[in-house]
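Please open the structure in your viewer and keep the selection tool ready, since this tour moves from one selection to the next.

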Amino acid sequence: MADLSIEFCGVRSPNPFWLASAPPTNTGDQVMRAFDAGWGGAVWKTLGNPIVNVTSRFGGIDHGTTRLMGLNNIELITDRPLEVNFREMLAVKKRFPKHTLVASLMVETKEEWREIIRRSEDAGADLLELNFGCPHGMCERGMGSAVGAEPKVLEEIARWAVEFARVPVIVKLTPNVGDILEPGEAAVRAGIPALSLINTVKSIIGVDLDRMVPLPRVGDASTNGGYCGPAVKPIALHLLSQLARHPQCGRLDLSGIGGISNWRDAAEFIALGATSVQVCTAVMHHGFRIVEDMLEGLSDFLDSKGMASVAELRGRAIPAYREWGELDLSYKLVADINPDTCIGCQLCYVACMDGSHQCIHLPGRTEEQSRQAGHTHLPKHVPERAVTAAAGTPGARVPFVDAEECVGCNLCQMVCPVPGCITMEEVSTGRPRESWNDRIAQGKAHVPGGLEVTEAARRRNR
């Protein structure tokens, strides 16, 4: 079996699956139950001067039959006395000395940072995570994302932490910035050895249209909160990979956060540069035991790929993440519909006609009917193929893809309800590999049919 243990800033962890700083890590009892279930580490719910919370605190978005596709949270940091938190942390570390315990911290002044760092280390914290990402409540007080959005302030406070700390320090970044590299580079300048991201996305989850109050409702009003859950995973993957391929930031240990719900999500984060992954919403939804499937799934995946450890997976996908201008313009995919499994629902046809490039045709139509439907290019022949699948629509016919017009966008495959019915087939164009950047370098970066002023400028510059 593959070795699932990791080393994060020199700290050994049983596996890369950590609980993120959130309600599931609010108490020592919760963290101990999580470690019993199999989690390798936990980031304690953010410590600072205790606050007062409101109710309600959470709002959710469902999609189809999926509950909590996204979760909005307006809860703040710990509302319990620091002495209680530190006592429980010490008990957790005593019982689980080989598990990774991370103290998430958020205070204001230099002296407050000095004290809370010392007390966290005395309580057994293996690592410290500076919460510069919280986008609600605390940022109104000059903390959280108010720091994460200001690289100079981030760098100064991070320098304090590095100066005061005896254990490695992680800076947790906010996604609510224009360029994630700016705070990342500020952390590097401060001497920080690790980054974690993303914190939640500033958001309003919805509106109660009967009361005309945003959600989650607190009496007669609400506020913006932090958005998390499966819906934010693509944002998190992008920002993580931006840092992972950066010459300086990519040398740091990275802890990936955002929409991780299963082993496959975790593997994607690790492939894009994460050393550890942190999970919150999925645990709030399904409980601590989801880690069992995560551990088994990741282990089986590594074995199937011939990888002996998690470290071998880390960053494997980074070389293939490139700028758009580096992509191969000669590469071509064409959709192919399997007539044996097609059920004749015509979702692919509707999606292609109204949302893409009008290259899927329905059999049995005249040329006039096809043009009235919106087709501008008609193939010479549309084969007549009856739907034969057991679950198919009686009397329906299998749509046809005009391969010459298909742009390989994948939309038909994504909307098809039958797994594997529509595949994207690679087709040779007979052209050598060429990117847009190649065309620029060769002086061929011109597509006819543009603006007249652009054409005139181009002629002048010849």
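In this predicted model, begin by selecting Val207, Leu209 and Met212, which form a nonpolar patch on the surface and together have about 340 Å² of accessible area. Keep leucine 209 highlighted and look at the loop in which it lies, between strand S12 (206-208) and strand S13 (213-215). Is leucine 209 buried or exposed? Because its relative accessibility is 63%, and the cut-off for exposed is over 50%, leucine 209 counts as exposed.

Next, select strand S8, residues 127-131, which is mostly covered, with 5 of its 5 residues buried. If you show the side chains, you will find that Leu127, Glu129 and Asn131 point one way from S8, whereas Leu128 and Leu130 point the other way, and all are buried.

Now add the neighbours of this strand, beginning with strand S7 (residues 100-105), which runs parallel to S8 and is joined to it by 4 bridges. Within this pairing, valine 102 has leucine 127 of S8 as its bridge partner. Select helix H3 (residues 110-122) as well, and you have the three parts of a right-handed β-α-β unit, made by S7, H3 and S8. Then select strand S9 (residues 169-172), which is also parallel to S8 and joined to it by 4 bridges; here glutamate 129 stands opposite isoleucine 170 in S9.

Finally, zoom out and colour the chain by its division into domain 1 (6-320) and domain 2 (327-426). The centres of domain 1 and domain 2, taken over C-alpha atoms, are separated by 43 Å.

Terms used:
Residues numbered from 1 in each chain as written. Predicted model: local features only at pLDDT ≥ 70, side-chain atom pairs only at ≥ 80, totals over all residues. Heavy atoms only, no water. Patch = residues over 30% accessible without salt bridge, like charges linked within 9 Å, V, L, I, M, F, W, Y side chains within 5 Å. Areas by Shrake-Rupley, 256 points an atom, 1.4 Å probe, with all protein chains shown as cover. Salt bridge = Lys/Arg side-chain N within 4 Å of Asp/Glu carboxyl O. Helix = DSSP H or I, 4+ residues; strand = E, 2+ residues; numbered from the N terminus. Buried < 20%, exposed > 50% of the residue type's maximum accessible area, 1.4 Å probe, protein only. Domains from an automatic or database assignment. Pairing = 2+ DSSP bridges. Right-handed = clockwise from strand over helix to strand, strands pointing away.
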